[in-house]
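Thanks for asking me to look through this one with you. Here are my notes, written as numbered points so that you can follow along in the viewer.

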Amino acid sequence: MAAILISEVNQVIPVSRMIDLAWDADPPARARGVVHNHVHRLRQLLAGQAEIVTRGQGYVLIADPWAVDANRFQNLVSGAREAEPRTAVAKLRQALGLWRGEVLADVPGDRVRRTLGVGLTQARVAALQELGERLLLLGRYGELITELTAWLAEHPLHEELTALLMRALQASGRQAEALDHFHRTRRHLKGQLGIDPGPALSETYLAVLGGKPALAPYFPDRRSAGPGPAVPYAPDRPPAPRPSVAQLPPRIPDFCGRAREIAALDQNLDRVPRPDCVVLAGGGGAGKTTLAVHWAHRLKAEFPDGQLFVDLRGFERPPMRPGTVLGMFLQALGVPDAKIPDAVTERSALYRSLLAGRRMLVVLDNAGTAEQVRPLLPATPGALAVVTSRRRLSGLMIRDGAALVTVGPLPADEALELLGTALGRQRIAAEGAAARELVERCDRLPLALRIAAARLMAHAGWSLADWTKKLADEGHRLCELSAADPDLSMEAGLYLSYRALSSGAARLFRLLGLVPGPDVEVHAAAALAGRDLERTRRHLAELCEAHLFEEQAGGHFARTELVRIYAAKLVASEETPADRELARQRLFAHAAWSRLWPG
């Protein structure tokens, strides 16, 4: 009863509410009498310090509100928000110093603790966040790291505080530890709640991974905002509409290669009937967007009524919603805001009506699912949609008759041509063997090759052999193939594909990091995962759909070196040593069985 009265000092609390809070289940028949007896004893205990008086059908504890720690805490936190950083830190430390373990820990009754304690606990976390923002602003990273590490050891599911700790670690030059904390939190969230990290924590991870300053993320349920700059998470806020129907981004002036893919795209234009949609599908870093934009610029004369372009952000959180994209397209096509319908189906119908009879090119970049794309497809013979995705989007081929062009690693000669275009053909010719080894270390992927070329141009004294030697270290290869921008990072690209997998396919992908070779046979994969063959086939099919593996003849599945290295990194960070050892034992047992009874 004391906790109930103190929680609302100087306020009347009805006896009925005190009964409701004090008993989790049905109250006893003489509950009112029990309450009266407790209040009588409390009056005796508090004599001379505070007074409990009867008011109507309830009681009120009359006392100095600042004698209650919870009120002092709230007052100090409020004062900190208006203070300069150093004073704010002092006030927040004083406020947090009032806490001694969990709120109402010694009070019997779960309902009392749950009802009265949740708000205080949330306020405590918000105060800790605010203290962290101020310490970051003052550059006092060590203090913040110590406090957050201790807190998160007991409360490992706090995404907000994990993001704050990652920012402090990154600011103090401890990037690897920041990434380790992300993976640790991800394991806790998956294991205890069955969920993935939210958008803000994931964006913090990508920023740290790319070496960019991780700004203060916005969490939708955050009670107080820190003083640092914020990156708003606003899924319903559409990007600014483009002013015309000539929306293609500029193409890369030194584009080279992709002769096979361009020929396949051109052939689709000559087909009768011609498909209304072409999907360019491939893994991260394969250059799908670059190819789509290059090809679209070549075709502008064939689509004189204009070109629409949008990045659907299909593998980011949140992805672009079809209704938002349709609103942008309708504005670009001249529809006033007041005339744009609210419903997605009505927007799609109006969009297709406006395209009817017009020869327009629509580039839908970075699509996540067929459902995200389908409302945006034109329905007129004169228009063409070009879709890029990390997935094959098989539903578009089956249901909508889309054509598929797979964009994989470059052929060796085209990869060398790209490297020579960036670094100079004479340099490539002078170090031919090192250049050939370099393109293989980059999996012949355009993004990896361009990052490697940029790093070499920034270090004029390095030879191709020097750079190839750096990339030979598998433990650092993905880190070396990263630029300051997180969008220009091979590891960040692989992470986006990985986090879009189902939990079963993601687990299989990680465990396959224990296999040293470039491919795996389906029975070996099933043994490694400890799953039945049919489920393993489904998970491998999902990995192939995401272009993380490629199915070969005879039940084998191949992957690139960078994918293998990333999987090995994940299995080391996200699987326990015991689980890794069990998986190895299952694989070794399968291998021994296969040798004894081949076929």
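**Notes on the model**

1. Let's start with two aromatic residues: Tyr498 and Phe509 are both buried. Please keep in mind throughout that this is a predicted model. Buried here means under 20% relative accessible area.

2. Now for the whole chain. The protein chain has 28 helices and 13 strands. Of its 599 residues, 47% count as buried. Among the contacts in the chain with a separation of 6 or more, 68% come from residues 24 or more positions apart. The chain exposes about 28100 Å², and carbon and sulfur atoms supply 54% of that area.

3. Strand E6 (residues 277–281) is a good place to zoom in. Is E6 enclosed by the rest of the structure or left open, and why? 5 of its 5 residues are buried, so E6 is largely enclosed by the rest of the structure. Try following its side chains: Cys277, Val279 and Ala281 point one way, while Val278 and Leu280 point the other way, and all are buried.

4. Next, look at the partners of E6. Strands of a sheet pair through backbone hydrogen bonds, either parallel or antiparallel. E6 pairs in the parallel sense with strand E9 (residues 384–389) over 5 bridges, and Cys277 stands opposite Ala385 in E9. E6 also pairs in the parallel sense with strand E10 (residues 403–406), over 4 bridges. There, Ala281 has Thr406 as its bridge partner.

5. Another sheet is worth a visit. It is an open sheet of 3 strands in the order E11-E13-E12, with antiparallel pairing. Strand E11 (519–521) and strand E12 (550–551) stand at the edges with a single partner strand each, so one side of each has no neighbour in the sheet. E11 and strand E13 (residues 556–558) run antiparallel and are joined by 3 bridges; Val520 stands opposite Phe557 in E13. Helix H25 packs on this sheet and touches E11 and E13, its direction making about 85 degrees with that of E11.

6. H25 deserves its own point. Which residues of H25 are buried? They are Val522, Ala524, Ala525, Ala526, Ala527, Leu528 and Ala529. With 7 of the 8 residues of H25 (residues 522–529) buried, the helix is largely enclosed by the rest of the structure. Just after H25, Gly530 takes a positive phi of about 70 degrees.

7. Finally, the aromatic rings. A pair of aromatic rings is described by the distance of the centres and the angle of the planes. The structure holds 8 aromatic pairs. One of them is Trp462 with Trp467, which is stacked, at 5.6 Å centre to centre and 25 degrees between the planes. Trp462 is partly exposed, with a relative accessible area of 24%, whereas Trp467 is buried at 0%.

8. Back to where we began: the ring centres of Tyr498 and Phe509 are 5.8 Å apart and their planes stand at 40 degrees, so this pair is tilted. Tyr498 belongs to helix H23 (residues 490–499) and Phe509 to helix H24 (residues 503–511), with the two positions 11 residues apart in the chain.

9. Two last ring features to find in the viewer. Phe182, Tyr205 and Tyr495 are linked into a cluster by ring pairs. Arg390 lies over the face of Phe315, at 5.7 Å from the ring centre.

Note on methods: Residues are numbered from 1 along each chain as its sequence is written. This is a predicted model: local features need pLDDT of at least 70, side-chain atom pairs count only at pLDDT 80 or more; totals for chains, interfaces and linings use all residues. Side-chain values use heavy atoms; hydrogens and water are left out. Buried means under 20% relative accessible area, exposed over 50%, partly exposed in between (1.4 Å probe, protein chains only). Two strands pair if DSSP finds at least two bridges between them. Contact means heavy atoms within 4.5 Å. Axes are lines fitted to C-alpha atoms, for helices over the stretch in contact, and angles run from 0 to 180 degrees between N-to-C directions. Rings of Phe, Tyr and Trp (its six-membered ring) pair if their centres lie within 6.5 Å; planes under 30 degrees apart count as stacked, over 60 as edge-to-face and the rest as tilted. A charge sits over a ring if NZ of Lys or CZ of Arg is within 6 Å of the ring centre and within 35 degrees of the ring normal. Accessible areas come from the Shrake-Rupley method with a 1.4 Å probe; for residues, only the protein chains shown count as cover.
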